[in-house]
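Welcome, and thanks for taking a look at this one with me. Here are a few points to read alongside the structure.

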Amino acid sequence: MDRRHLSSTFVLLLFISFFSEVNPASFKIVNKCRHTIWPGFLSGANTAHLTTTGFVLKPGKSRTVTIPKSWSGRLWGRTLCGVDSSRKFVCQSGDCGSGQIECSGNGAKPPATLAEFTLNGAGGLDFYDVSLVDGYNLPMLIVVKGGKGGNCSATGCLLDLNGACPSELRVARQNGGGGVGCRSACEAFGDPEYCCSGAFGTPDVCRPSRYSLFFKHACPRAYSYAYDDTTSTYTCAGADYVIMFCPPPYTSQRVFGARKDGALLPLVNKSMIYISSLHANGASLSGLLQLQSTVPAASFTMAIFLFWQLILTL
């Protein structure tokens, strides 16, 4: 093989390598809630901006957003949104304070369930998590599509925690009728012990609190406090992602019961599923469905399926 052919081959390989590294990822945002949500995006410092920072997503609908390959940032869902008397767009949970549907560089006001991503980070891996460090407002699930390297595990918080939220953390709907969010202890009390700040600013002295354990028990793979990295950060490479709001419990259990992703903790705590719904007359129906850990997975799935189907008929 002559030198000219070697040179052209090298250029071709370099060209292919360059474009394979800059291929964008896709985030498919899916709304399985029974109400409209308004997803919001916030890009991290020194990272590419997205073509959208917020939009409306009606029940059962989805939207795919193209994400630059080395992007880092977070996304969340806003609820109970509308235009106030001053004609500003506002939301009762997850509001970003921009006064419009696009968040335009503003983050979510706590409490809000967050999906956090750093794409093409150390070792070419994507790092992602679902965080309740800033509190909770909606169930959320991250599912990997394709990808290799890392563990490519699903993660999220699949349960409706608003009704089960401790009263001192609960954020009530403005016109009554139930909770719209569950604050973190840090946001509720501002105590350095809960915020992992000041004298508690290192992992060896900032430990889980009874409040962070409430979140961790319900959602084992989600971040529950600042130093919850070991069981809450997941990695993959070259993947696309589905971010689903209000994933149906029976669907999640069926999908991930068959997926051997090797994560340290289960996606769902099978001993506690919180179900919340509304009767047609507006009365709230909520409760904790307690299941023994000895119940077989198939029976658990069927129980959740039948219970959820019952709820949907109310």
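**Notes on strands, a pocket and disulfides**

1. A good place to begin is one pair of residues: Val83 has Phe89 in β5 as its bridge partner. Please keep in mind as you read that this is a predicted model. β4 and β5 pair in the antiparallel sense, with four bridges between the two strands. They form a hairpin, and five residues sit between them. In that turn you will find Arg87, which has a positive phi of about 70°.

2. Which other strands pair with β4? Strand β2 (residues 38-43) pairs with β4 in the antiparallel sense over six bridges. If you want a residue to look for, Pro39 stands opposite Gly77 in β4. Strand β6 (residues 114-118) is joined to β4 by four bridges, and these two also run antiparallel. Here the residues to find are Leu75 and, opposite, Ala115 in β6.

3. Next, have a look at the second largest pocket, which holds about 290 Å³ of space. How many residues line the second largest pocket? The lining has 20 residues, and those nearest the centre of the pocket are Cys91, Gln92, Ser93, Lys109 and Gln174. β4 (72-83) and β5 (89-93), the strands of the hairpin, each give two or more residues to this lining, as does β10. By type, the lining divides into 10 nonpolar, five polar and five charged residues.

4. Now for the disulfides: the structure holds eight, and I will walk you through some of them. One of them is formed by Cys152 and Cys236, with sulfur atoms 2.0 Å apart. This pair links distant parts of the chain, 84 residues apart. Cys152 is in the loop between β8 (140-148) and β9 (155-157), while Cys236 is in strand β12 (residues 234-245). The link is right-handed, with 80° about the S-S bond.

5. Are the two cysteines of this link buried or exposed? Cys152 has a relative accessible area of 9%, so Cys152 counts as buried, the cut-off being under 20%. Cys236 has a relative accessible area of 0%, so Cys236 is buried as well.

6. Cys165 and Cys182 form another disulfide, and their sulfur atoms are 2.1 Å apart. Cys165 lies in the loop between β9 and β10 (170-172) and Cys182 in strand β11 (residues 179-182), so this link ties together parts that are 17 residues apart in sequence. The link of Cys165 and Cys182 is right-handed, with 80° about the S-S bond. Both Cys165 and Cys182 are buried.

7. The last disulfide in this note is that of Cys196 and Cys206, whose sulfur atoms are 1.8 Å apart. Why is this disulfide left-handed? The torsion about the S-S bond of Cys196 and Cys206 is about -70°, and therefore the disulfide is left-handed. Cys196 and Cys206 both lie in the loop between α3 (192-195) and α4 (210-218), so the pair ties together parts that are 10 residues apart in sequence. Cys196 is buried, and Cys206 is buried too.

Methods
Residues numbered from 1 in each chain as written. Predicted model: local features only at pLDDT ≥ 70, side-chain atom pairs only at ≥ 80, totals over all residues. Heavy atoms only, no water. Disulfide = S-S within 2.5 Å. Buried < 20%, exposed > 50% of the residue type's maximum accessible area, 1.4 Å probe, protein only. 1 Å grid on protein atoms, 1.4 Å probe; cavity = no way out; pocket = protein on both sides within 12 Å on 5 of 7 lines; lining within 4 Å. Points joined across faces, edges and corners; volume = space filled by probe spheres on them. Nonpolar A, V, L, I, M, F, W, Y, C, P; charged D, E, K, R; others polar. Pairing = 2+ DSSP bridges.
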